[in-house]
Amino acid sequence: MKKHNFYAGPSILSQYTIKNTAEAILDFAGTGLSLMEVSHRGKEFVAVNDEARQLVKDLLDVPSTHEVVFLGGGASMQFCMVPYNFLKKKASYLDTGTWASKAIKEAKIFGEVDVVASSKDKNYTYIPKKYTVAPDSDYFHITTNNTIYGTQLKEIPSVSVPLAADMSSDIFSRTVDVSKYDVIYAGAQKNLAPAGVTIAIVRLEALGKAGRPVPTMLNYLTHTEKESMFNTPPVVPIFAALQTLKWYKEMGGISVLQKKNEEKAAVLYDEIDRNRLFRGTVAPEDRSLMNVCFVMNDEYADLEAEFAAYAAAAGMIGIKGHRSVGGFRASLYNAMPLESVQALVETMKSFEKTK
Ligand SMILES: *Cc1c(COP(=O)(O)O)cnc(C)c1O
């Protein structure tokens, strides 16, 4: 039976990425050696690293004011690296969920943190829209897509200070104006590659100005100056990332992927709204294109376990909701084909007929 992978992260990757990475693990670039056992400073891997960084720039239209680096430590490491490098006195943060509040916790180590708004009052089911960002903030931090709660910032806030963004779960899913950001970061395991590499896109002229000593490995300058080769990078995830980036380019680039993502999400949200057994958990205008959260309608609440088993038997993998939301979450990252979304919709329809 075909399996449809709706995991939130680590999550679905394109077959192109998986096959090419599997081949390189057996024989890398005709070297007769595995990708896992060659020098990261050999010309074959340096070419992979350079091409991957260049493709990030091409796909996201990264201006020459910014540099792309591959780092370790996951997006969670960026929660401290961002304030370490950019927070001089005060930073503003938007609290839209678990990841945002973890970022806020780290920032408080480094200075004054102004949480301009929070949607915690309603279990993060919406994106706050009315707030002001103090013009003397060093940056305004946003989480563009809230993986756990299924909300997404549709409009990037227009503020007078530079933005800093956690785009872990929606980078490459839609177009972005990089020039507005001092830093964008994203762990690989949602829309790019296996876990182990994190992308950061940083504004060069904003670096080295925090007014505090920054440990070498946590200083973005270390990595921009050494073209992401200061120490041994995670070679397998970077190789896999390159395959995904090539595949994105072949598909037509980010605006084409964005259209596909809008179409896929609409198919599932339409069914959630139509099907009498289910309802969405999020304010409709803030619904994520990447992570679709839904629960049983109140009068059918006792059917949750039964639907979970029914969907699993139909090949739907990874749709259990996060424990802080409950119900179901279907993640529709770039590599997810429309056919899998349609298969989930068919499963919801046929389940409804049995009730
Ligand atoms: C998954 C996720 C993280 C955490 O990523 P790690 O790589 O596990 O540290 C942070 N922010 C968002 C939005 C995420 O989806």
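# Loops, ligand and pocket

Visitor: Where does Asn 123 lie?

Guide: Asn 123 is in the loop that connects strand 4 (112–118) and strand 5 (140–143). The model is predicted, so treat what follows as computed from that prediction.

Visitor: What is the phi of Asn 123, positive or negative?

Guide: Positive, at about 50°, although Asn 123 is not a glycine. Most residues other than glycine have a negative phi.

Visitor: Which peptide bond is cis?

Guide: The bond from Gly 9 to Pro 10 is cis, and its omega is near -5°. In general, most peptide bonds are trans.

Visitor: And where is Pro 10?

Guide: Pro 10 falls in the loop between strand 1 (4–5) and helix 1 (15–26).

Visitor: Switching to the ligand. Where does it sit?

Guide: The ligand occupies the largest pocket, which holds about 360 Å³ of space.

Visitor: Which residues lie nearest the centre of that pocket?

Guide: Ala 8, Gly 9, Trp 99, Thr 147 and Lys 190, out of 23 lining residues. The lining of the largest pocket splits into 7 nonpolar, 12 polar and 4 charged residues.

Visitor: Which helix gives the most to the lining?

Guide: Helix 3, with 4 residues. Helix 3 (residues 74–86) also supplies the largest share of the shell around the ligand, again 4 residues.

Visitor: How many residues surround the ligand, and which are the closest?

Guide: There are 13 around the ligand, the closest being Ser 76, Thr 147, Asp 166, Gln 189 and Lys 190. By class, that shell has 3 nonpolar, 8 polar and 2 charged residues.

Visitor: What about polar side-chain atoms: how far is Lys 190 from an oxygen atom of the ligand?

Guide: A polar atom in the side chain of Lys 190 is 2.6 Å from a ligand oxygen. For Ser 76, an N or O atom of the side chain is 2.6 Å from an oxygen atom of the ligand. Ala 75 takes part through its backbone, with a polar atom there 3.1 Å from a ligand oxygen.

Visitor: How much of the ligand does the protein bury?

Guide: The protein buries 87% of the 390 Å² that the ligand exposes when taken alone.

Visitor: Different topic. How many cavities of 30 Å³ or more are there?

Guide: The count is 1, and the largest cavity has a volume of about 40 Å³.

Visitor: Which residues line the largest cavity?

Guide: The lining is made up of Ile 12, Leu 13, Ser 14, Lys 190, Asn 191, Leu 192, Thr 244, Trp 247, Tyr 248, Tyr 333 and Ala 335. Lys 190 is thus listed here and also among the residues closest to the ligand.

Visitor: How does the cavity lining divide between nonpolar, polar and charged?

Guide: The residues lining the largest cavity comprise 7 nonpolar, 3 polar and 1 charged.

Definitions and conventions
Residues are numbered from 1 along each chain as its sequence is written. This is a predicted model: local features need pLDDT of at least 70, side-chain atom pairs count only at pLDDT 80 or more; totals for chains, interfaces and linings use all residues. Side-chain values use heavy atoms; hydrogens and water are left out. On a 1 Å grid over the protein atoms alone, a cavity is a set of points where a 1.4 Å probe fits but cannot get out, and a pocket is an open set with protein on both sides within 12 Å along at least five of seven lines; lining residues have an atom within 4 Å of a point. Grid points are joined across faces, edges and corners, and a volume is the space filled by probe spheres set on the points. Ala, Val, Leu, Ile, Met, Phe, Trp, Tyr, Cys and Pro count as nonpolar, Asp, Glu, Lys and Arg as charged, and the others, Gly among them, as polar. A residue is near a molecule or strand if one of its heavy atoms lies within 4 Å of it. A polar contact is a pair of N or O atoms within 3.5 Å; within protein, one must be able to donate a hydrogen and the other to accept it, and residues adjacent in sequence count only if both atoms are side-chain atoms. Accessible areas come from the Shrake-Rupley method with a 1.4 Å probe; for residues, only the protein chains shown count as cover. A molecule sits in a cavity or pocket if more than half of its atoms lie within 2 Å of its grid points. Helices (H or I, at least four residues) and strands (E, at least two) are DSSP runs, numbered from the N terminus.
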